[in-house]
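User: Please take a close look at one part of this model, the second largest pocket, and set it beside the enclosed spaces found elsewhere.

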Amino acid sequence: MLNRYWFNTMSAPSKSDMKAAIKEVQRQLKSHGIKLKDSSRQAADALEVLQKFPYLRPSVGMMSGSEQKFFKLEGTVQMFFNSNGYYVPLAVFLRETHPDSPPVCMIQPTPDMMIKPHHFHVDAHGLVYLPYLHDWTKRSSIVEMLREVSAIFTSDPFIFKKPSQPPATPSYLKDNANKGATKSKPVYEQTAGGKQTVQSPPHRTPPQPPVARNTPDVNQIQKTMRALDLKGPDLTNEVKAKAKEMDELDSVLENSFRCPISMEIMSDPVFAADGHTYERVEIERWLQTRDTSPLTNEVRDGEEQEQFEFEFQTRCDSRLFNRNCRTRC
(Lines give C-alpha, C1' and ligand atoms only; values in the text may rest on other atoms or scores of the structure.)
Protein backbone atom coordinates (compact mmCIF):
# COMPACT_ATOMS: atom_id res chain seq x y z
CA MET A 1 0.00 0.00 0.00
CA LEU A 2 3.04 2.26 0.42
CA ASN A 3 4.42 1.55 -3.05
CA ARG A 4 2.79 4.67 -4.47
CA TYR A 5 4.93 6.71 -2.10
CA TRP A 6 8.10 4.61 -2.43
CA PHE A 7 9.72 4.21 -5.82
CA ASN A 8 10.87 0.68 -6.64
CA THR A 9 14.08 1.85 -8.30
CA MET A 10 17.77 1.50 -7.58
CA SER A 11 18.02 5.21 -6.70
CA ALA A 12 17.24 6.40 -3.18
CA PRO A 13 13.73 7.84 -2.67
CA SER A 14 13.36 11.58 -2.40
CA LYS A 15 12.64 13.39 0.85
CA SER A 16 9.07 14.06 -0.22
CA ASP A 17 8.55 10.33 -0.89
CA MET A 18 9.85 9.53 2.60
CA LYS A 19 7.52 12.07 4.22
CA ALA A 20 4.54 10.71 2.28
CA ALA A 21 5.35 7.12 3.32
CA ILE A 22 5.72 8.13 6.97
CA LYS A 23 2.44 10.04 6.87
CA GLU A 24 0.68 7.00 5.38
CA VAL A 25 2.01 4.71 8.14
CA GLN A 26 0.80 7.09 10.82
CA ARG A 27 -2.60 7.28 9.12
CA GLN A 28 -2.86 3.48 9.22
CA LEU A 29 -1.91 3.41 12.89
CA LYS A 30 -4.61 5.95 13.71
CA SER A 31 -7.14 3.91 11.75
CA HIS A 32 -6.37 0.98 14.08
CA GLY A 33 -7.11 3.14 17.11
CA ILE A 34 -3.46 3.87 17.99
CA LYS A 35 -3.10 7.28 19.65
CA LEU A 36 0.32 8.77 18.98
CA LYS A 37 1.57 10.99 21.78
CA ASP A 38 3.77 13.13 19.50
CA SER A 39 3.19 12.29 15.84
CA SER A 40 5.36 15.18 14.58
CA ARG A 41 8.37 14.04 16.64
CA GLN A 42 7.85 10.45 15.55
CA ALA A 43 7.72 11.53 11.91
CA ALA A 44 10.85 13.68 12.26
CA ASP A 45 12.83 10.87 13.92
CA ALA A 46 11.69 8.34 11.31
CA LEU A 47 12.68 10.72 8.50
CA GLU A 48 16.15 11.13 10.02
CA VAL A 49 16.59 7.35 10.15
CA LEU A 50 15.48 6.87 6.53
CA GLN A 51 17.92 9.53 5.35
CA LYS A 52 20.86 7.99 7.23
CA PHE A 53 20.02 4.35 6.47
CA PRO A 54 18.59 4.12 2.92
CA TYR A 55 17.79 0.39 3.07
CA LEU A 56 15.18 0.76 5.82
CA ARG A 57 11.49 1.06 4.95
CA PRO A 58 8.54 2.30 7.07
CA SER A 59 5.48 0.14 7.67
CA VAL A 60 2.95 -0.97 10.28
CA GLY A 61 4.18 -4.05 12.11
CA MET A 62 3.77 -6.23 15.20
CA MET A 63 6.40 -7.75 17.43
CA SER A 64 6.48 -11.49 17.99
CA GLY A 65 4.10 -12.51 20.77
CA SER A 66 2.20 -9.20 20.69
CA GLU A 67 -0.93 -8.09 18.83
CA GLN A 68 -0.19 -4.39 19.28
CA LYS A 69 0.71 -2.47 16.13
CA PHE A 70 3.81 -0.29 15.96
CA PHE A 71 5.50 2.11 13.59
CA LYS A 72 8.16 -0.19 12.13
CA LEU A 73 11.37 0.65 10.29
CA GLU A 74 12.55 -2.59 8.69
CA GLY A 75 15.35 -3.54 6.33
CA THR A 76 19.12 -3.84 6.48
CA VAL A 77 21.84 -1.67 8.00
CA GLN A 78 25.42 -1.87 6.80
CA MET A 79 27.84 -2.79 9.61
CA PHE A 80 31.55 -3.53 9.51
CA PHE A 81 33.73 -6.26 10.96
CA ASN A 82 37.45 -6.60 10.16
CA SER A 83 37.06 -3.84 7.56
CA ASN A 84 34.41 -5.86 5.69
CA GLY A 85 30.87 -4.56 5.23
CA TYR A 86 27.85 -6.70 6.09
CA TYR A 87 24.16 -5.91 5.69
CA VAL A 88 22.46 -6.89 8.93
CA PRO A 89 18.65 -7.42 8.79
CA LEU A 90 16.81 -5.72 11.61
CA ALA A 91 13.64 -3.86 12.58
CA VAL A 92 13.06 -0.88 14.86
CA PHE A 93 9.64 -0.53 16.51
CA LEU A 94 8.52 2.92 17.68
CA ARG A 95 6.02 2.94 20.52
CA GLU A 96 2.92 5.14 20.54
CA THR A 97 4.47 7.05 23.48
CA HIS A 98 7.58 7.95 21.46
CA PRO A 99 9.83 9.78 22.33
CA ASP A 100 9.08 9.24 26.04
CA SER A 101 9.63 5.49 25.68
CA PRO A 102 12.66 3.91 24.01
CA PRO A 103 12.25 2.07 20.71
CA VAL A 104 12.61 -1.70 20.44
CA CYS A 105 15.35 -3.02 18.15
CA MET A 106 15.09 -6.61 16.88
CA ILE A 107 17.69 -8.47 14.83
CA GLN A 108 15.89 -10.53 12.17
CA PRO A 109 18.18 -13.23 10.73
CA THR A 110 17.37 -14.73 7.36
CA PRO A 111 16.94 -18.54 7.04
CA ASP A 112 20.67 -18.97 6.30
CA MET A 113 21.73 -16.87 9.31
CA MET A 114 21.75 -17.43 13.05
CA ILE A 115 22.21 -15.30 16.17
CA LYS A 116 25.33 -15.90 18.22
CA PRO A 117 24.36 -17.90 21.34
CA HIS A 118 24.72 -16.21 24.72
CA HIS A 119 25.59 -12.80 23.23
CA PHE A 120 25.67 -10.10 25.89
CA HIS A 121 23.66 -7.52 23.89
CA VAL A 122 21.35 -9.71 21.74
CA ASP A 123 19.22 -12.53 23.14
CA ALA A 124 18.16 -15.71 21.39
CA HIS A 125 15.01 -14.01 20.00
CA GLY A 126 16.98 -11.12 18.47
CA LEU A 127 16.03 -8.50 21.07
CA VAL A 128 18.80 -5.91 21.46
CA TYR A 129 19.86 -4.67 24.90
CA LEU A 130 21.86 -1.45 25.10
CA PRO A 131 22.88 0.97 27.85
CA TYR A 132 21.76 3.69 25.42
CA LEU A 133 18.23 2.29 25.45
CA HIS A 134 18.31 1.88 29.23
CA ASP A 135 19.23 5.57 29.62
CA TRP A 136 16.80 6.75 26.92
CA THR A 137 15.46 10.31 27.21
CA LYS A 138 13.41 12.61 24.99
CA ARG A 139 16.63 13.95 23.54
CA SER A 140 17.87 10.53 22.51
CA SER A 141 18.14 9.61 18.84
CA ILE A 142 17.24 6.46 16.93
CA VAL A 143 20.17 7.10 14.60
CA GLU A 144 22.59 7.11 17.54
CA MET A 145 21.00 3.92 18.84
CA LEU A 146 21.62 2.18 15.49
CA ARG A 147 25.21 3.42 15.52
CA GLU A 148 25.62 1.84 18.95
CA VAL A 149 24.32 -1.46 17.52
CA SER A 150 26.79 -1.16 14.64
CA ALA A 151 29.67 -0.52 17.06
CA ILE A 152 28.77 -3.67 19.00
CA PHE A 153 28.74 -5.69 15.76
CA THR A 154 32.22 -4.37 14.94
CA SER A 155 33.64 -5.52 18.28
CA ASP A 156 31.57 -8.69 18.76
CA PRO A 157 29.34 -9.80 15.84
CA PHE A 158 25.97 -11.05 17.05
CA ILE A 159 24.83 -12.66 13.79
CA PHE A 160 26.61 -14.88 11.32
CA LYS A 161 25.95 -17.30 8.49
CA LYS A 162 25.00 -20.85 9.41
CA PRO A 163 27.73 -23.43 8.79
CA SER A 164 27.18 -25.26 5.53
CA GLN A 165 26.22 -28.91 5.71
CA PRO A 166 28.04 -31.47 3.51
CA PRO A 167 25.90 -32.45 0.52
CA ALA A 168 24.02 -35.68 0.96
CA THR A 169 24.95 -38.59 -1.28
CA PRO A 170 22.28 -39.04 -4.00
CA SER A 171 20.22 -42.19 -3.75
CA TYR A 172 21.24 -43.39 -7.21
CA LEU A 173 24.91 -43.25 -6.17
CA LYS A 174 24.13 -45.29 -3.08
CA ASP A 175 22.33 -47.87 -5.24
CA ASN A 176 25.29 -48.10 -7.63
CA ALA A 177 27.66 -48.52 -4.71
CA ASN A 178 25.56 -51.34 -3.36
CA LYS A 179 25.38 -52.99 -6.75
CA GLY A 180 29.13 -52.74 -7.23
CA ALA A 181 29.86 -54.50 -3.97
CA THR A 182 31.01 -58.04 -4.71
CA LYS A 183 30.42 -60.90 -2.38
CA SER A 184 33.27 -63.22 -1.57
CA LYS A 185 32.96 -66.56 -3.39
CA PRO A 186 33.30 -69.85 -1.52
CA VAL A 187 36.50 -71.78 -2.02
CA TYR A 188 36.16 -75.27 -3.57
CA GLU A 189 38.49 -78.23 -3.20
CA GLN A 190 38.80 -81.23 -5.48
CA THR A 191 38.15 -84.65 -3.96
CA ALA A 192 39.44 -88.00 -5.12
CA GLY A 193 36.10 -88.83 -6.78
CA GLY A 194 36.25 -85.71 -8.93
CA LYS A 195 33.57 -83.91 -6.99
CA GLN A 196 33.93 -80.38 -5.69
CA THR A 197 33.15 -79.65 -2.10
CA VAL A 198 33.18 -76.39 -0.23
CA GLN A 199 36.39 -75.94 1.65
CA SER A 200 35.84 -75.11 5.29
CA PRO A 201 37.49 -71.93 6.51
CA PRO A 202 40.62 -72.34 8.61
CA HIS A 203 40.06 -72.59 12.31
CA ARG A 204 41.11 -69.51 14.19
CA THR A 205 41.59 -69.40 17.90
CA PRO A 206 39.86 -66.33 19.38
CA PRO A 207 42.23 -63.99 21.19
CA GLN A 208 42.32 -64.48 24.94
CA PRO A 209 41.72 -61.52 27.24
CA PRO A 210 44.85 -60.21 28.92
CA VAL A 211 45.51 -61.36 32.44
CA ALA A 212 44.69 -58.62 34.90
CA ARG A 213 47.51 -57.51 37.11
CA ASN A 214 47.29 -56.51 40.73
CA THR A 215 44.21 -58.66 41.19
CA PRO A 216 42.41 -57.58 44.38
CA ASP A 217 42.29 -59.96 47.30
CA VAL A 218 39.00 -61.87 46.98
CA ASN A 219 39.09 -62.93 50.61
CA GLN A 220 39.40 -59.33 51.74
CA ILE A 221 36.44 -58.30 49.61
CA GLN A 222 34.31 -61.11 51.05
CA LYS A 223 35.25 -60.09 54.60
CA THR A 224 34.24 -56.49 53.90
CA MET A 225 30.89 -57.56 52.43
CA ARG A 226 30.20 -59.81 55.43
CA ALA A 227 31.03 -56.92 57.75
CA LEU A 228 28.46 -54.83 55.90
CA ASP A 229 26.02 -57.74 56.11
CA LEU A 230 25.40 -57.44 52.41
CA LYS A 231 25.69 -59.94 49.62
CA GLY A 232 26.90 -59.17 46.11
CA PRO A 233 23.54 -58.36 44.44
CA ASP A 234 22.29 -56.43 47.49
CA LEU A 235 25.43 -54.31 47.59
CA THR A 236 25.21 -53.57 43.86
CA ASN A 237 21.56 -52.53 44.10
CA GLU A 238 22.23 -50.25 47.07
CA VAL A 239 25.13 -48.56 45.31
CA LYS A 240 22.98 -48.00 42.21
CA ALA A 241 20.13 -46.60 44.33
CA LYS A 242 22.50 -44.20 46.10
CA ALA A 243 24.01 -43.09 42.81
CA LYS A 244 20.57 -42.46 41.32
CA GLU A 245 19.52 -40.51 44.40
CA MET A 246 22.65 -38.33 44.18
CA ASP A 247 22.08 -37.69 40.45
CA GLU A 248 18.50 -36.58 41.10
CA LEU A 249 19.63 -34.32 43.94
CA ASP A 250 22.34 -32.78 41.76
CA SER A 251 19.78 -32.14 39.01
CA VAL A 252 17.36 -30.43 41.42
CA LEU A 253 20.12 -28.28 42.92
CA GLU A 254 21.47 -27.30 39.51
CA ASN A 255 18.01 -26.26 38.24
CA SER A 256 17.41 -24.20 41.36
CA PHE A 257 20.50 -22.14 40.51
CA ARG A 258 19.41 -21.46 36.92
CA CYS A 259 17.83 -18.13 35.94
CA PRO A 260 14.25 -18.68 34.65
CA ILE A 261 14.90 -16.16 31.83
CA SER A 262 18.30 -17.22 30.46
CA MET A 263 18.33 -20.80 31.86
CA GLU A 264 21.99 -20.24 32.75
CA ILE A 265 23.61 -20.75 36.17
CA MET A 266 23.17 -17.48 38.07
CA SER A 267 26.28 -15.58 39.14
CA ASP A 268 24.48 -12.56 40.61
CA PRO A 269 20.99 -13.71 41.75
CA VAL A 270 18.34 -11.29 42.99
CA PHE A 271 14.99 -12.04 44.61
CA ALA A 272 12.26 -10.07 42.79
CA ALA A 273 8.91 -8.93 44.16
CA ASP A 274 7.01 -11.69 42.30
CA GLY A 275 8.58 -14.19 44.68
CA HIS A 276 11.13 -15.67 42.25
CA THR A 277 14.89 -15.41 41.84
CA TYR A 278 16.53 -14.13 38.65
CA GLU A 279 19.94 -13.15 37.33
CA ARG A 280 20.33 -9.42 37.99
CA VAL A 281 21.21 -8.49 34.39
CA GLU A 282 18.40 -10.60 32.89
CA ILE A 283 15.60 -9.19 35.09
CA GLU A 284 16.88 -5.64 34.51
CA ARG A 285 16.69 -6.23 30.76
CA TRP A 286 13.22 -7.73 31.12
CA LEU A 287 11.87 -4.72 33.01
CA GLN A 288 13.18 -2.35 30.34
CA THR A 289 10.72 -3.59 27.73
CA ARG A 290 8.00 -5.45 29.62
CA ASP A 291 5.63 -4.89 32.52
CA THR A 292 4.91 -8.54 33.32
CA SER A 293 6.46 -11.13 35.59
CA PRO A 294 8.76 -13.49 33.60
CA LEU A 295 7.33 -16.61 35.28
CA THR A 296 3.73 -15.80 36.19
CA ASN A 297 3.14 -13.46 33.20
CA GLU A 298 1.12 -11.31 35.58
CA VAL A 299 0.63 -7.82 34.16
CA ARG A 300 1.68 -5.05 36.52
CA ASP A 301 0.73 -1.53 35.57
CA GLY A 302 0.67 1.82 37.26
CA GLU A 303 1.34 1.73 40.98
CA GLU A 304 1.79 -2.08 40.97
CA GLN A 305 4.62 -1.81 38.41
CA GLU A 306 6.31 0.95 40.42
CA GLN A 307 5.99 -1.16 43.58
CA PHE A 308 7.37 -4.20 41.71
CA GLU A 309 10.42 -2.24 40.51
CA PHE A 310 10.87 -0.62 43.95
CA GLU A 311 10.86 -3.96 45.75
CA PHE A 312 13.14 -5.41 43.06
CA GLN A 313 15.67 -2.61 43.53
CA THR A 314 15.43 -2.86 47.31
CA ARG A 315 16.12 -6.59 47.25
CA CYS A 316 18.94 -6.07 44.76
CA ASP A 317 20.65 -3.81 47.31
CA SER A 318 20.20 -6.24 50.22
CA ARG A 319 23.25 -7.85 51.79
CA LEU A 320 21.90 -11.30 51.02
CA PHE A 321 22.75 -10.92 47.32
CA ASN A 322 25.59 -8.42 47.64
CA ARG A 323 28.73 -9.56 45.81
CA ASN A 324 31.07 -8.61 48.61
CA CYS A 325 28.95 -10.37 51.20
CA ARG A 326 28.79 -13.47 49.05
CA THR A 327 32.58 -13.43 48.62
CA ARG A 328 33.15 -13.20 52.36
CA CYS A 329 30.72 -16.05 52.97
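Analyst: The residues of the lining of the second largest pocket divide into 5 nonpolar, 3 polar and 2 charged, and this description, like everything that follows, refers to a predicted model. The volume of this pocket is about 210 Å³, and its walls are formed by Phe 120, His 121, Tyr 129, Leu 130, Pro 131, His 134, Val 281, Glu 284, Arg 285 and Gln 288. Two elements, helix 3 (131-134) and helix 8 (280-289), each give two or more residues to that lining, and the largest share, 4 residues, comes from helix 8.

Among the lining residues, Val 281 deserves a separate word. Val 281 belongs to helix 8, and it counts as partly exposed because its relative accessible area is 33%, a value that falls between the 20% limit for buried and the 50% limit for exposed. Pro 269 stands 12 residues away from Val 281 along the chain, and the C-alpha atoms of the two are separated by 9.0 Å.

The enclosed spaces can now be considered. A search of the whole structure yields 2 cavities of 30 Å³ or more. The largest cavity has a volume of about 60 Å³, and its lining consists of Pro 102, Pro 103, Val 104, Cys 105, Leu 127, Val 128, Tyr 129, Leu 133, Gln 288 and Thr 289. Tyr 129 and Gln 288, which are part of this cavity lining, are also listed in the lining of the second largest pocket. Helix 8, together with strand 4 (104-107), supplies at least two residues of the lining of the largest cavity, so that helix 8 takes part in the linings of both the pocket and this cavity. By class, the lining of the largest cavity comprises 8 nonpolar and 2 polar residues, with no charged residues, whereas the pocket lining includes 2 charged residues.

The second largest cavity holds about 40 Å³ of space, and it is lined by Leu 29, Ile 34, Leu 36, Gln 42, Gln 68, Lys 69, Phe 70, Phe 71, Leu 94, Arg 95 and Glu 96. Strand 2 (residues 69-81) gives the most to this lining, with 3 residues. The classes here are 6 nonpolar, 2 polar and 3 charged residues, so charged residues such as Lys 69, Arg 95 and Glu 96 are present in the lining of the second largest cavity, while the lining of the largest cavity has no charged residues.

Methods: Residues are numbered from 1 along each chain as its sequence is written. This is a predicted model: local features need pLDDT of at least 70, side-chain atom pairs count only at pLDDT 80 or more; totals for chains, interfaces and linings use all residues. Side-chain values use heavy atoms; hydrogens and water are left out. On a 1 Å grid over the protein atoms alone, a cavity is a set of points where a 1.4 Å probe fits but cannot get out, and a pocket is an open set with protein on both sides within 12 Å along at least five of seven lines; lining residues have an atom within 4 Å of a point. Grid points are joined across faces, edges and corners, and a volume is the space filled by probe spheres set on the points. Buried means under 20% relative accessible area, exposed over 50%, partly exposed in between (1.4 Å probe, protein chains only).
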